[in-house]
Amino acid sequence: NPVVAIVGRPNVGKSTIFNRLAGERISIVDDVSGVTRDRIYAKGEWLGKTFNIIDTGGIDITDEPFMSQIKLQAQVAIEEADVIIFLTSVREGVTDADENVARILYQSDKPVILAVNKVDNPEMRAEIFDFYSLGLGEPYPVSGSHGLGLGDLLDSVVANFPSEDENAEEEDIINFSFIGRPNVGKSSLVNAILGEERVIVSNIAGTTRDAIDTMFVDEEGTKFRMIDTAGIRKKGKVYESTEKYSVMRAIRAIERSDIVMVVLNAEEGIQEQDKKVAGYAHEAGKGIIILVNKWDTLEKDNHTMKEFEEKIRKEFQYLSYAPIMYVSAVTKQRLSTIPAKIKEISENQNRRISSSLLNDVLMDAVAHNPTPTDKGRRLKIYYMTQVAVKPPTFVVFVNDPELLHFSYERFLENRIRDSFDFEGTPFHLIARQKK
Ligand code: GDP
């Protein structure tokens, strides 16, 4: 999806506009313990086009003086967004801070749309002409609090999206990415794997100028695209170490991936932020492999791996389907087995099970573990069918969906997983009432 960023000095109303433009908010998971919802990133839709929207005001870099905060936000927008909304306010008119932001935005070749907020009534429209002086073209009057002018603004945003065929999805390529906290070793892994794979096809520009994807082909001719979101291979900016920025980058990588490598640092164990990004990959229905990197740094005995696995399974209960690999970007331990594993997971997430096989498993499961009752009524299961892949999605027809409790749903999922190989992929089970 194209990315839209809103930039501007504090108090112009960025969050209000963000909330107006954002439809469904992208939540960073879920019912898993301790995971918060992130507010800086959301999905929007206009004229049938979906996009992701960033509130750069949410990326606060503490201890930075006012102006450098705004500059950093503008830089994030320039690097991450396809279209930038530069928000000002008619109440204060054109300020020095606005002019500073404009100067940074001139230097980018991303489309910038100038919006003037707080134009709460038509009489105030005359005052927006001052904003032509910012040199960014026609100012769009809007009112976040009254919801005015947003349609025209969105028309212009959508008209400036990059043309779609540039990023056309190719069916037979497996897209994968590395996500994780700063310093877990993502860049090192990317570079080490590129060192191992001799058949590099090309470096291609991704959705933004800064993203460099790499394609390679294995011996059997399977094509892989390693997604490198902006900057993973050229680092060193202040804001990259902020948690929100790295979460945002992870979300973008996840969206473009079929399979996500969740990278953990063996030295540091599992941290809250690890759960956040992993949770998002899970929610997004992507294939997942857990990579425990820096495995070379541990003093190991016979139990080390088992103990680590137990910790991971406990902390990431919802990822019980994800395989775990213990690797090192430095010694290259097991790196050569990663593409084969990715391929396996790709097959699993694309697997289709015939309804007859599925119903054999279902009948067998019900025979071994009778369906639950609730308030004197028993769940009846009639039939199950697979309706989608990536992730595999099953519809089960029942007498009353409310009777299919979580624990029985889990049981059915496990029986299906025992019978067919769905390692590495989440799985959706939808209950429908049989008419
Ligand atoms: P990123 O922020 O996730 O991209 O992390 P980097 O790839 O920049 O790695 C952070 C630091 O960890 C660097 O100093 C790397 O040299 C080091 N590092 C990465 N992978 C390994 C590994 O497998 N073993 C060891 N010992 N160090 C590693």
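Two strands are taken as paired if DSSP finds at least two bridges between them. The structure described here is a predicted model. Its mean pLDDT over the chain is 84, with 84% of the residues reaching 70 or more. Residues 25–39 have a pLDDT below 50, and beyond near neighbours in sequence this stretch makes 39 contacts in the model. The pLDDT is also below 50 over residues 205–210, where 22 such contacts are found beyond near neighbours in sequence.

In the N-terminal part of the numbering, strand 1 (residues 3–7) is paired with strand 3 (residues 49–55). The two strands run parallel and are joined by 4 bridges. Within this pairing, Ile-6 has Asp-55 of strand 3 as its bridge partner. Strand 3 is mostly covered, with 5 of its 7 residues buried.

Helix 1 comprises residues 14–21, and its buried residues are Lys-14, Ile-17, Phe-18 and Leu-21. These residues lie on the same side of helix 1, because the arc they cover around the axis is only 105°.

Helix 2 spans residues 66–80 and contains Ala-77. The relative accessible area of Ala-77 is 0%; since residues under 20% count as buried, Ala-77 is classed as buried. Ala-77 is separated from Ala-5 by 72 residues in sequence, yet the C-alpha to C-alpha distance between the two is 5.6 Å.

Further along the chain, strands 16, 17 and 18 form an open sheet in the order 16-17-18, with mixed pairing. Strand 16 (381–388) and strand 18 (428–433) are the edge strands; each has a single partner strand, and therefore one side of each lacks a neighbour in the sheet. From one strand to the next, the twist averages 25°. Strand 16 and strand 17 (residues 393–398) are antiparallel and are connected by 6 bridges. One of the residues involved is Ala-388, whose bridge partner in strand 17 is Thr-393.

Two helices are associated with these strands. Helix 10 (residues 355–368) packs on the sheet through contacts with strand 16 and strand 17, and its direction makes about 140° with that of strand 16. Helix 11 (residues 406–419) lies across strand 16, strand 17 and strand 18, and runs at about 60° to strand 16. Strand 16 is thus touched by helix 10 and crossed by helix 11, while standing at an edge of the sheet.

Notes:
Residues numbered from 1 in each chain as written. Predicted model: local features only at pLDDT ≥ 70, side-chain atom pairs only at ≥ 80, totals over all residues. Heavy atoms only, no water. Axes fitted to C-alpha atoms, helices over the stretch in contact; angles between N-to-C directions. Contact = heavy atoms within 4.5 Å. Buried < 20%, exposed > 50% of the residue type's maximum accessible area, 1.4 Å probe, protein only. Arc of directions from axis to C-beta. pLDDT = per-residue confidence, 0-100.
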